[in-house]
Amino acid sequence: MSSLTKSTAKSQAVLNPRTTKYEFMGPIGALLVTVGVPFVTYALYFTCNERVGACPPSFEYIYDTFFASVTSQEFWRSLFDLEAFYMYLGWYAFCVVAWAILPGDWVQGTELRNGKRQSYKINAFSTMLLALGLTAGYIYRFGCQSFTFLYERWIGFVTAALCMSIAQAALCYGFSFRGEKLLALGGNTGNPVYDFYIGRELNPAIFGLDLKSFNELRPGMILWLLIDISMACEQATRLGGRITDSMALVVLFHGFYIADSLYNEPGLFTMMDIVTDGFGFMLSVGDLLWVPFVYSLQARYLVFRPKDLGMAASAAIFLVNALGWYIFRESNNEKNDFRNGKNPKNLKFMETKRGTKLLTSGWWGVSRHPNYMGDLLMGLAWSLPTGFDTPVTYFYIMYFAVLLAHRGMRDDEACEKKYGDDWNRYKKLVKWRIIPFIY
Ligand SMILES: NC(=O)C1=CN([C@@H]2O[C@H](COP(=O)(O)OP(=O)(O)OC[C@H]3O[C@@H](n4cnc5c(N)ncnc54)[C@H](OP(=O)(O)O)[C@@H]3O)[C@@H](O)[C@H]2O)C=CC1
Ligand SMILES: CC(C)=CCC[C@@H](C)[C@H]1CC=C2C3=C(CC[C@@]21C)[C@@]1(C)CC[C@H](O)C(C)(C)[C@@H]1CC3
């Protein structure tokens with residue numbers, strides 16, 4: 001080995017140390033989630049659709065109809081739909097083109113280990129507006145019944161999104177070995193199953209397009225809204241032109257959440273996924289498959305189980321969502337302002353040896369993750385319009401509680417490393433993790 005190659009290898013090892021600690025229960029856990037996420041996405045469809053009597057159906061039904069068909073070639077062929085595949089590719093290409101041509105400010109992310117900063121173009125919200133405008137024009141021109149293909153070709157789109165997420169994660173994993181890349185501190189164990197799942201390269205990018213933030217906010221989140229609109233169109237087609245109040249609430253809540261997230265795009269760049277995690281299968285499948293096809297479950301359910309709630313129930317559910325959103329947005333804003341050197345509400349804070357201050361009053365004095373509490377309340381409001389006939393439409397809030405509890409623990413560990421004793425002092429001041437007196 002030449003001395004130049006040796007010194008490059010040495011500086012790479014210093015910049016990208018081997019990961020010595022596993023998260024997510026190591027390679028076994030990574031493998032379980034890798035297989036489990038696509039499995040659950042398909043299962044939520046096959047155990048809860050209009051051909052199935054109850055959601056979920058009896059075990060006998062699953063055994064007789066589903067297990068029997070799984071062994072047939074026909075079943076596996078039905079998962080692929082070439083037209084849906086091309087439409088999905090077209091959708092992804094639309095998002096890339098919109099990113100490239102729509103105007104947007106370039107902002108810098110947090111400082112990286114190599115002293116550099118990643119640049120991000122801010123135009124996720126305008127991409128959503130463009131997609132919504134084109135969809136509205138299409139529906140206006142061709143009628144609501146022409147925008148029901150996302151409902152009709154559901155499984156074909158699921159498979160297309162899954163293929164895209166596998167392809168992206170595999171390419172990112174492969175390219176992370178080429179050249180001098182900045183790796184994620186948690187994704188460089190040397191175990192391919194684990195590193196593929198967590199993501200090896202921290203910020204993979206093509207022609208200035210940062211793949212991690214792009215995937216997190218655009219092709220999946222905006223598709224989730226389009227899916228909801230398609231479900232509302234399918235319901236309107238079936239009900240002779242009207243949609244139920246429950247469907248209106250679900251589409252409104254989801255739409256508002258998505259628009260709010262995209263409008264606050266710069267807030268993403270300080271989050272754990274962007275700052276510490278690599279772009280691996282976890283985020284790729286989470287962004288492209290899980291978010292659009294699982295988060296929209298309530299809207300899909302209301303197509304074949306329409307429900308009229310009436311004014312009182314609708315207003316009550318609306319208030320739950322509004323309260324959740326208020327807590328979510330206010331707490332995220334308090335922290336973002338504070339981290340940007342502003343404290344408009346004069347909130348109390350504690351100094352730390354690391355130099356960064358921690359809020360101890362306002363929402364961040366109520367619990368250590370008040371934003372999770374707001375997000376969970378909204379999740380509950382999204383399920384309530386479907387009534388109490390099935391637990392399946394409450395899947396989102398159950399999964400989300402587990403995701404946020406686990407995310408809170410990961411963050412707690414990271415903060416303990418960052419802040420040392422000061423973090424324990426902070427935990428004594430703000431005792432509750434997410435929901436006061438409960439958790
Ligand atoms: N819908 C969905 O599927 C998902 C939604 N989310 C949402 O994303 C949002 C962001 O979540 P996430 O990034 O996990 O976590 P948080 O927004 O809670 O951020 C945690 C970080 O904030 C800083 N911090 C912690 N306590 C304080 C304090 N008292 N004062 C000031 N700064 C503090 C620390 O970083 P530092 O000190 O270094 O600044 C810590 O690492 C949440 O609203 C969550 O609900 C998340 C995952 C999935
Ligand atoms: C089961 C599985 C595959 C888990 C992967 C987790 C992902 C689904 C989530 C990890 C962090 C996420 C965030 C959002 C969506 C879900 C994923 C990708 C988010 C974009 C939702 C909207 C919010 O306002 C947000 C921008 C704060 C949020 C960021 C994190």
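Q: Let's start with M25: is it buried or exposed?
A: M25 is exposed, because just 11 other C-beta atoms lie within 10 Å of its own, and the cut-off for exposed is 12 or fewer. Bear in mind that this is a predicted model.

Q: Where is M25 found?
A: The loop between α1 (3-15) and α2 holds M25.

Q: And what is its phi? I mean the one for M25.
A: Phi of M25 is near 60 degrees, a positive value in a residue other than glycine.

Q: What about phi of F437?
A: F437 has a positive phi too, near 70 degrees, and again the residue is not a glycine. F437 sits in the segment after α20 (421-429). It is exposed, with 7 other C-beta atoms within 10 Å.

Q: While we're on backbone oddities, what kind of peptide bond joins C55 and P56?
A: A cis one, with omega at about -5 degrees. P56 belongs to the loop between α2 (26-46) and α3 (59-70).

Q: Okay, zooming out. How many helices and strands does the chain have?
A: There are 20 helices and six strands in the chain.

Q: How does the radius of gyration of the chain sit against a compact globule?
A: The two agree: the chain has 23 Å, and a compact globule with 439 residues would have a radius of gyration near 22 Å. Along the principal axes, the C-alpha atoms fill a box of roughly 70 × 55 × 50 Å.

Q: What share of the residues count as buried?
A: That comes to 36% of the 439 residues. As for contacts between residues at least 6 apart in sequence, 78% of them join residues at least 24 apart.

Q: Which residues have the most contacts inside the largest nonpolar core?
A: F157, A161, W224, A232, V250 and L289, in a core of 88 residues. In soluble globular proteins, nonpolar side chains tend to be buried together.

Q: Pick V250, then. What does it touch?
A: Not counting residues up to four places away in sequence, V250 touches D228, Q298, A299, L302, W382 and P385.

Q: Switching to the ligands: which residues come nearest to ligand 1?
A: Of the 20 residues around ligand 1, the nearest are M271, L359, W364, N371 and D375. The elements giving two or more residues to that shell are α16 (311-339), β6 (358-359), α18 (370-383) and α19 (395-419).

Q: How does the shell around ligand 1 split by class?
A: It has ten nonpolar, four polar and six charged residues.

Q: And ligand 2, which residues come nearest there?
A: V37, S261, D273, G286 and W290, out of 13 residues around ligand 2. Two elements give two or more residues to the shell around ligand 2, namely α10 (211-217) and α14 (281-295). The largest share, six residues, is from α14. By class, the shell around ligand 2 has eight nonpolar, two polar and three charged residues.

Q: Back to L359 by ligand 1. Is that residue buried or exposed?
A: L359 is buried, because 23 other C-beta atoms lie within 10 Å and the cut-off for buried is 20 or more. L359 is part of strand β6.

Q: What is L359 in contact with, leaving aside neighbours within four places?
A: E334, K335, F338, L347, F349 and W364. As for F338, its C-alpha is 8.0 Å from that of L359, with the two residues 21 apart in sequence.

Q: Tell me about α16 itself. How far does it reach?
A: From first C-alpha to last, α16 reaches 41 Å, close to the 42 Å expected for its 29 residues at 1.5 Å a residue. Just after α16 comes G341, whose phi is positive, near 80 degrees.

Q: Which residues in α16 are buried?
A: I317, N321, G324, I327, F328, S331, E334 and F338. An α-helix has 3.6 residues a turn, so residues three or four places apart point the same way.

Q: What covers those buried residues of α16?
A: The cover includes α12 (245-263), β6, α17 (363-366) and α18.

Q: Last one: where does L129 lie?
A: L129 is in helix α6 (residues 124-142). L129 counts as partly exposed, with 16 C-beta neighbours inside 10 Å. Its C-alpha and that of I139, ten residues apart along the chain, are separated by 15 Å.

Note on methods
Residues are numbered from 1 along each chain as its sequence is written. Chains are lettered from A and ligands numbered from 1 in the order in which they are written. Helices (H or I, at least four residues) and strands (E, at least two) are DSSP runs, numbered from the N terminus. The radius of gyration is taken over C-alpha atoms; the globule rule is 2.2 Å times the number of residues to the power 0.38. Two residues are in contact if their C-beta atoms, placed from the backbone, lie within 7 Å. A nonpolar core is a set of buried Ala, Val, Leu, Ile, Met, Phe, Trp, Tyr and Cys residues joined through C-beta atoms within 7 Å. A residue is near a molecule or strand if its C-beta atom, placed from the backbone, lies within 6 Å of it. Ala, Val, Leu, Ile, Met, Phe, Trp, Tyr, Cys and Pro count as nonpolar, Asp, Glu, Lys and Arg as charged, and the others, Gly among them, as polar. The expected span of a helix is 1.5 Å times one less than its number of residues.
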